[in-house]
Amino acid sequence: MLEQAVRQRLIDIVGPKYFKDDKEALVTHSYDATPMLQAMPDAVVYPGSTQDVSGILKIANEHRIPIVGRGAGSNLCGGTVPVEGGIVMVMNRMNKLIEIDTDNLTATFQTGLNTKAFHQEVEKLGLMYPPDPSSMVISSLGGNIMECAGGLRGLKYGTTKDYVLALEAVLPSGEIIRTGGKLYKDVAGYDLTKLLVGSEGTLAIVTEATVKLIPAPKYKKTMIAMYKDIYAAARTVAAIVGNRIIPATLEFLDNPTIQVVEGFNKIGLPLDMDAILLIEQDGLDEGVVEKDIVEIVRICQEQGAVEVKMATDAAEAEKLMFARRSALSTLARIRPTTILEDATVPRSKIAEMVIEINRIAKKYNIQICTFGHAGDGNLHPTCTTDARDHEEIHRVEEAFAEIFEAAIALGGTITGEHGVGMVKAPYLEMKVGPVGIEVMQGIKKVFDPNNIMNPGKIFAKEYRKRVVVQQ
């Protein structure tokens with residue numbers, strides 16, 4: 001519980017309407033989209049301006065009160081769980097689209113802006129902001145920046161870090177810094193913009209961002225390739241890119257995922273296939289798009305696809321992509337608890353990784369469905385389980401530990417787009433080594449010497465299992 005004097009100073013900054021410490025507010029901000037993680041904050045504040053954020057951070061830093069920045073809470077790594085209590089700072093009041101600059105092809109916004117709403121405004125002008133996380137309907141752009149969100153278009157267009165040009169951020173001291181600008185070239189010192197992207201709220205609170213836009217593609221083709229052999233599907237992924245074709249979307253669903261998605265949605269997916277690839281190509285030139293699709297079809301058939309089907313119209317194309325976008329929400333209907341991870345490997349190792357996931361699932365007698373962004377090797381092994389079954393949850397934890405080890409052994413990483421947060425913190429050293437951890441902790445200490453910014457994230461004090469943490 002906050003001291004009364006501190007409480008009053010916070011109210012003086014944001015007003016009584018935007019300071020909450022009643023039980024309902026604390027409970028609803030004690031968890032995020034990550035299953036089985038929960039911790040109670042001491043207060044929730046809703047700043048309305050960068051100056052508000054600055055004032056709140058000065059007070060928190062003075063009194064060594066933890067600060068957890070929060071957008072929509074849609075992350076899957078426990079990134080916004082206030083594991084050490086303190087203040088949850090919700091950014092959704094700061095949601096203005098400040099500018100779309102069509103001369104420089106940039107957009108500037110406050111970080112509480114909804115991702116989907118931003119996409120829609122940009123698309124009205126014939127432009128595109130490529131990062132498209134599956135959570136975009138509910139997520140905020142600030143959360144996307146803090147987690148360096150990816151999405152289905154990541155293979156061709158890149159992820160959030162490839163589009164953020166400038167940031168306004170508030171340091172734990174309350175000082176306000178601006179990094180970058182409407183510039184495509186800028187090597188003036190260390191790249192603080194890129195450092196803050198993906199920092200998971202552990203260094204600063206980002207209040208404003210400028211991102212680059214691109215012309216929206218005018219033409220799009222969508223197809224599904226079906227495989228009886230999972231290795232043939234994986235070979236196809238490598239062969240497409242190896243032939244210098246970069247699809248806009250190249251998604252993978254294994255048979256367990258196909259079974260569940262089709263069972264609930266009845267959209268015509270083939271239940272007897274080991275894997276399917278959902279492929280989209282887009283561009284500004286219809287001839288180039290058509291040429292790429294013809295070549296992709298040839299490669300799929302050459303690599304062993306049993307059948308390749310083209311979407312005949314936009315509605316059918318949308319139905320096919322819905323199969324992928326709905327995978328998580330569909331799997332969540334099977335059992336009470338759904339744990340989704342994002343181990344990433346080189347695309348040439350996808351088949352080996354899926355086989356390893358299946359072997360590990362069988363070893364621990366749990367159900368794991370795998371889908372993901374095959375083109376960039378970002379797989380989402382997803383376990384359907386029940387948090388009330390502690391023995392099974394223990395087996396799930398052990399299985400995911402082996403999955404992360406397998407990913408690293410294949411030249412991959414423990415997370416491609418979800419972030420480290422609490423869930424992956426025990427495994428970070430496995431990826432970056434002790435020296436890498438030491439360097440990262442040094443950066444953290446320079447920014448945040450009093451360790452108030454989202455403590456308990458990224459750097460594991462001890463092995464944290466997925467259990468409910470109560471205060």
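Leaving aside neighbours within four places in sequence, with which residues is A387 in contact? In this predicted model, the residues that A387 meets under that condition are M36, T337 and I393. A387 itself is found in the loop between β18 and α14, the latter spanning residues 390–409. With a relative accessible area of 26%, A387 is partly exposed, because a residue counts as buried only under 20% and as exposed only over 50%. A separation in space can also be given for this position: A387 and A351 stand 36 residues apart in sequence, and their C-alpha atoms are 30 Å apart.

The overall architecture of the chain is considered next. The secondary structure of the protein chain comprises 15 helices and 18 strands. Its radius of gyration is 22 Å, close to the 23 Å given by the globule rule for 471 residues, so the chain is as compact as a globular protein of that length. Taken along the principal axes, the box filled by the C-alpha atoms is roughly 70 × 60 × 40 Å. Of the 471 residues in the protein chain, 58% are buried. Among contacts with a separation of 6 or more, 74% are accounted for by residues 24 or more positions apart.

The surface and the charges of the chain were also computed. The accessible surface of the protein chain amounts to about 19,600 Å², and 53% of this area belongs to carbon and sulfur atoms. The chain carries 51 positive and 60 negative side chains. The centres of these two sets lie 1 Å apart.

Strand β18, which covers residues 378–385, includes N378. This residue has a relative accessible area of 3% and is therefore buried, the limit being 20%. A polar atom of the N378 side chain lies 3.5 Å from the backbone oxygen of D342. D342 also appears among the residues that N378 touches when those up to four places away in sequence are not counted. The others in that set are A343, T344, G372, H373, G416 and E417.

Towards the start of the chain, F19 is placed in strand β1, which consists of residues 19–20. F19 counts as buried, with 6% relative accessibility. Apart from neighbours within four places in sequence, the contacts of F19 include L2, R7, L10, I11 and V14. A43, V44 and V45 are also in contact with F19. G416, a residue touched by N378, is 397 residues from F19 in sequence and 35 Å from F19 in space, C-alpha to C-alpha.

A further buried position occurs in a loop. D132 is located between β7 (127–128) and α5 (141–147), and its relative accessibility of 2% places D132 in the buried class. Not counting residues up to four places away in sequence, D132 touches H119 and R325. The same condition gives contacts of D132 with G150, G151, L152 and R153.

Helix α15 spans residues 428–447 and contains V432. V432 is partly exposed, since its relative accessible area of 29% falls between the limits of 20% and 50%. Once neighbours within four places in sequence are set aside, the contacts of V432 are with I437 and M440. V432 and L125 are 307 residues apart along the chain, and 42 Å separates their C-alpha atoms.

Two residues were examined for their backbone angles. Most residues other than glycine have a negative phi. L105 has a phi near 55°, a positive value in a residue other than glycine. L105 is found in the loop between β5 (97–101) and β6 (106–110), where its relative accessible area of 25% makes L105 partly exposed. Phi of N454 is near 45°, likewise a positive value in a residue other than glycine. N454 belongs to the segment after α15. At 2% relative accessibility, N454 counts as buried, whereas L105 is partly exposed.

Conventions
Residues are numbered from 1 along each chain as its sequence is written. This is a predicted model: local features need pLDDT of at least 70, side-chain atom pairs count only at pLDDT 80 or more; totals for chains, interfaces and linings use all residues. Side-chain values use heavy atoms; hydrogens and water are left out. Helices (H or I, at least four residues) and strands (E, at least two) are DSSP runs, numbered from the N terminus. Buried means under 20% relative accessible area, exposed over 50%, partly exposed in between (1.4 Å probe, protein chains only). A polar contact is a pair of N or O atoms within 3.5 Å; within protein, one must be able to donate a hydrogen and the other to accept it, and residues adjacent in sequence count only if both atoms are side-chain atoms. Contact means heavy atoms within 4.5 Å. The radius of gyration is taken over C-alpha atoms; the globule rule is 2.2 Å times the number of residues to the power 0.38. Accessible areas come from the Shrake-Rupley method with a 1.4 Å probe; for residues, only the protein chains shown count as cover. Lys and Arg count as positive and Asp and Glu as negative; His and the chain ends are not counted. The place of a charge is taken as NZ of Lys, CZ of Arg, CG of Asp or CD of Glu.
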